[in-house]
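This report describes one protein model, starting with the whole chain and ending with a single sheet and a single loop residue.

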Amino acid sequence: MNPHPLHSAIAEHKKYFWRESLVQLTKNAPTILLTHEAWAPSGAWTIAPLFPVLSKGFATAKWFFFASEETEVDFRKLEKVLERYDFKQPLFLGHALWDTQPTILHHYAPASRGEALLYPHFPSGWLLSSPLLHKAASVIHKFNPNFNIDSQYELASFLKYMSSLDAMSFFPEAPPMSKDGTLLTHVPELCMADEEEGTSHSCATSCPQRTSGRVCRHHWAKGWIGLEGRGGAGGGAGDSNYAVIQDSLTDCFVLSANFFFGTLACAPVAIPLLQAPVDLSAVWFAVKTCEKYHHTRLPVLTQTWGHDAAGSIGYYSDVEDPAYSTSSIGVPNTEQGHCGKTMAIIYKFSRDFPHRQWLVIVDDDTLLSVRRLVEVLGSYNASVPTLMGEVYGYKAHLGGDGSAYVTGGGGMVLSRAAVSSLVEVGYQCPHDSYPDDMFLGTVAKQLGMYIVHSTAFHQAQPRDYPTSTLMTKAAISFHRHQPQDPFAIYKEHLMEPRRVSSPPDGTKPMTSPPPDISKFHQRSYEL
């Protein structure tokens, strides 16, 4: 997958940052390769394709450590932590997450006490011992999931059941764990915050909490740092041999020094990630709806985030309905897929809004933070063909035979250049009920668009995600109105005071209070 130019530039800066940082730990200057270069395996963002490359290139490494761009690492403390563990044993170390209830994201796997699968919080960093990584590399050819939804969970499931892959088709009901399956070991020093409340340990890694829309975004750019020491870069005999791999889903690196370890800290970055938010007049929000949901879903939308998108939002249905300001898009409603409706919206946007730079397509039961979204878009150039949101994969680990796509429920953001590319080629859906998000992912790959993943977008409700992860990144979207109350979701996770433009005298902008949604009645919301 092609990295977005912004993230390629960030990776290049990280290259320099790493070199300058690592010379403090070794006499040898690092050599850095980026994983969007030719050596990188296809589908690396799903994690598993990295294993054969690492196994072959770094046969003598003791530990493999992966970290996200949010991760901050004290390397000396990390080395101290690893002294407690035997690298000769098959070990999987990380900050443990688990489901407190069955979730659609994990195929409703058991979540009762003692049954929930532990999986690592990637931004806190996670490690594989050498024997485990080499074993994983040897059986990865049997790993054949249809969909890639949550790489953290899928990694843990793969390592637990990898010796039973012949008996499973990932993930239905998992078979009994084989004798050499490996579970995650929670390491408290791999922290989710700078200093975790209620703990006395000193963090070797941390992931500072983020507020508002100013999030450290996930990147597709990747990198490999190699410190050339005795015996050459990566896999030599000397203990000054290093190599760093950038994990794919989130601008991640892995560093090897007789063990692999690495970090990408949200430290001062020369490339400005956070520009001024784009003006609302540059964005168009297109809501997909249909007649049967006008009276149940649209009132929720208009009484929550619809206020903040006023003047920049359209409601596209199968019928015109003055009561809800819907317009007919000219496509009959379908029970699933909605590809015909989505493509009609894209063509209409191209014709009717030539001066708008961003198209945001959402479902009528998507909840959104307009303010955070326009802040994030300020870091991107609409003249670059970009598709942004929460990224899933369909056989993405297979590279050329699979694809990544932005899942529709959390919102699909298209730049003006992406829309123009689609329209110029004249793409049409196979049929109106074809999955629109997967269709866009396929054509985005064909056209060479940049697909940008952000965990601030959510395909499901907050209950489907670990509470601790929701605290580390301010959300942009959630999806569905049941079983959780959508007004409560909006109030707790997405609502912020509204800003108004600065007065002509140059004084600071005033902030108006958020809408009072406490008076909204509880009701049954249709899915």
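Of the 527 residues in this protein, 60% are buried; the model is a predicted one. The secondary structure consists of twelve helices and 26 strands. Among contacts between residues at least 6 apart in sequence, 71% link residues at least 24 apart. The accessible surface amounts to about 21300 Å², and carbon and sulfur atoms account for 52% of that area.

One sheet in the model is open and has three strands, in the order 8-20-21, with antiparallel pairing. Strands 8 and 21 are at its edges with a single partner strand each, so one side of each has no neighbour in the sheet. The strands of this sheet span these residues:

| Strand | Residues |
|---|---|
| Strand 8 | 147-148 |
| Strand 20 | 391-394 |
| Strand 21 | 403-406 |

Two bridges join strand 8 to strand 20 in the antiparallel sense. Within this part of the sheet, F147 stands opposite Y394 of strand 20. In general, the strands of a sheet pair through backbone hydrogen bonds.

Helix 10, residues 436-447, lies across strand 8, strand 20 and strand 21. The helix runs at about 125° to strand 21.

The last item is a loop residue. T103 is located in the loop between strand 5 (96-97) and strand 6 (119-120). Is T103 buried or exposed? T103 is buried, because its relative accessible area is 1%, which is under the 20% cut-off. Leaving aside residues up to four places away in sequence, T103 touches Y108 and D464.

Conventions: Residues are numbered from 1 along each chain as its sequence is written. This is a predicted model: local features need pLDDT of at least 70, side-chain atom pairs count only at pLDDT 80 or more; totals for chains, interfaces and linings use all residues. Side-chain values use heavy atoms; hydrogens and water are left out. Two strands pair if DSSP finds at least two bridges between them. Helices (H or I, at least four residues) and strands (E, at least two) are DSSP runs, numbered from the N terminus. Contact means heavy atoms within 4.5 Å. Axes are lines fitted to C-alpha atoms, for helices over the stretch in contact, and angles run from 0 to 180 degrees between N-to-C directions. Buried means under 20% relative accessible area, exposed over 50%, partly exposed in between (1.4 Å probe, protein chains only). Accessible areas come from the Shrake-Rupley method with a 1.4 Å probe; for residues, only the protein chains shown count as cover.
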